[in-house]
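Me: Please take a close look at one part of this model, the helix whose buried residues you would pick out, and then follow the sheet it belongs with as far as it leads. A connected account would suit me better than a list.

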Amino acid sequence: MASLIEAIWYQPALSGKVRVVYWLLWPLLWPLSALFGVISRRKRQQYANGKKTAYRAPVPVVIVGNITAGGNGKTPVVVWLVEQLLAQGLKPGVVSRGYGGKAPYYPYFVESDTSTDIAGDEPVLIRRRTGVPVAVAPVRSEAVKLLLKHDVDVIITDDGLQHYALARDTELVVIDGQRRFGNQQLLPLGPLRESCQRLTEVDFLICNGGQAHTNEAAMHLAPSELINIKTGARCAAASLTAVVAMAGIGHPPRFFTTLNTLGVKPIVCQPFADHQPFTHQALLDLAQQGQHLVMTEKDAVKCYPFAEDNWWYLPVDAVISEPQASAIIKQIIEVKEKYGSPSA
């Protein structure tokens, strides 16, 4: 079903079974899509006209989000931002909804050994990769207030463009450069959370892969060496043979393509649903089809408790084109200077 929905959303020319299903579902999906648009616009207007009040943090808030459902590279951009701001002497913290996890209470402070069952995949990845304070809560303002107790002077939110209850100073939208906006219809008829008009109002557009448009920063994900989940050992991807590849991300084919560019030709490519939990036995069975199991870093954070010696993950880093990359950091620093010290 998921693959059929993705085909309806993103195939430029529907044909065969997909075309038939689309026209059968259209009478049901179009009214739902229209209703979704009315509700989302009304929600935003309520904050814009003051009927609802957004929480304003005493430090700059930077949103890294998108207008489409599914993954498109937001988390690598968050990691990139954190690393850039640390290099400038700032003290960033990250907030997230914690999708895919169920904490015993909220807001919840993420430690380096926090389970993804509690905090979700992305928050645990960000905490382990960067070491900066990370907090999760469905109400983002509660997570922000918790981070303010941990000596942060900039807040970055992983997702949350449509979470208007949290006031923001800078908005970055990450675009899937290959799939773009699909059929440009709102959910559930298409992949959009908001209309493409929303893109004219954000501060920066970042195009992950594909061909960036003139108003977009070009970005690509640069892979490094494979890292063994259990031992931390590193090796070149092409040095492994009989690789079984798996990816539980928003768009698994992107990961498999990356492996191919590194000279890896997996004997099995197993996609999973985004945020899908894994069991030890299921991955053991999958790994036994080859000699090595290779996965994304986002998958790996779910596997640390039971990883085997031949399980590896591929870390990637966001590389963003100039002059846009410098402009993003410059704007955040300028906003920070206007705020002054958090305790002021």
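Reply: In helix H6, the buried residues are Arg 140, Ser 141, Ala 143, Val 144, Leu 146 and Leu 147. The model is a predicted one, and what follows should be read with that in mind. Since buried stands for under 20% relative accessible area, the count can be put plainly: 6 of the 8 residues of H6, which spans residues 140-147, are buried, so the helix is largely enclosed by the rest of the structure.

What encloses H6 can be named strand by strand, because its buried residues pack against strand E2 (92-96), strand E3 (108-110), strand E4 (134-136) and strand E5 (154-158). The helix lies across E2, E3, E4 and E5, and it runs at about 150° to E2.

These strands belong to an open sheet of 9 strands with mixed pairing, in the order E3-E4-E2-E5-E1-E6-E7-E8-E15. E3 and strand E15 (316-320) stand at its edges, and each has a single partner strand, so one side of each is left without a neighbour in the sheet. Direction ignored, neighbouring strands of this sheet are turned by 25° against each other on average.

Within the part of the sheet that H6 crosses, E2 and E5 run parallel and are joined by 5 bridges, and Ser 96 stands opposite Asp 158 in E5.

Further along the sheet order comes E7, and here the covering can again be followed residue by residue. Strand E7, residues 204-208, is mostly covered, with 5 of its 5 residues buried. Phe 204, Ile 206 and Asn 208 point one way from E7, whereas Leu 205 and Cys 207 point the other way, and all are buried. On one pairing, strand E6 (residues 170-176) runs parallel to E7 and is joined to it by 5 bridges, with Cys 207 in E7 as the bridge partner of Ile 175. On another, E7 and strand E8 (residues 217-223) run parallel and share 3 bridges, and Cys 207 stands opposite Ala 218 in E8.

For a second helix to set beside H6, H3 is useful. Helix H3 (residues 74-87) has 14 residues and reaches 20 Å from its first C-alpha to its last, which is close to the 20 Å expected at 1.5 Å a residue. H3 is mostly covered, since 10 of its 14 residues are buried; among them are Trp 80, Leu 81, Val 82 and Leu 85. Just after H3, Gly 89 takes a positive phi of about 85°.

The model also holds an open sheet of 6 strands, again with mixed pairing, in the order E10-E9-E14-E13-E11-E12. There, strand E10 (234-235) and strand E12 (268-271) stand at the edges, each with a single partner strand, so one side of each is left without a neighbour in the sheet. Strand E11 (residues 243-247) pairs with strand E13 (residues 292-296) in the parallel sense over 3 bridges, and helix H7 (residues 252-261) lies across E11, E12, E13 and strand E14 (311-314), running at about 150° to E11.

Between E11 and H7 is a loop that holds Ile 249, a residue that is buried, with a relative accessible area of 18%. Neighbours within four places in sequence left aside, Ile 249 is in contact with Phe 255, Phe 272, Asp 274, Thr 296 and Lys 298. The C-alpha atoms of Ile 249 and Gly 71 are separated by 6.7 Å, although these residues are 178 residues apart along the chain.

How values were computed:
Residues numbered from 1 in each chain as written. Predicted model: local features only at pLDDT ≥ 70, side-chain atom pairs only at ≥ 80, totals over all residues. Heavy atoms only, no water. Buried < 20%, exposed > 50% of the residue type's maximum accessible area, 1.4 Å probe, protein only. Helix = DSSP H or I, 4+ residues; strand = E, 2+ residues; numbered from the N terminus. Contact = heavy atoms within 4.5 Å. Expected span 1.5 Å × (residues − 1). Pairing = 2+ DSSP bridges. Axes fitted to C-alpha atoms, helices over the stretch in contact; angles between N-to-C directions.
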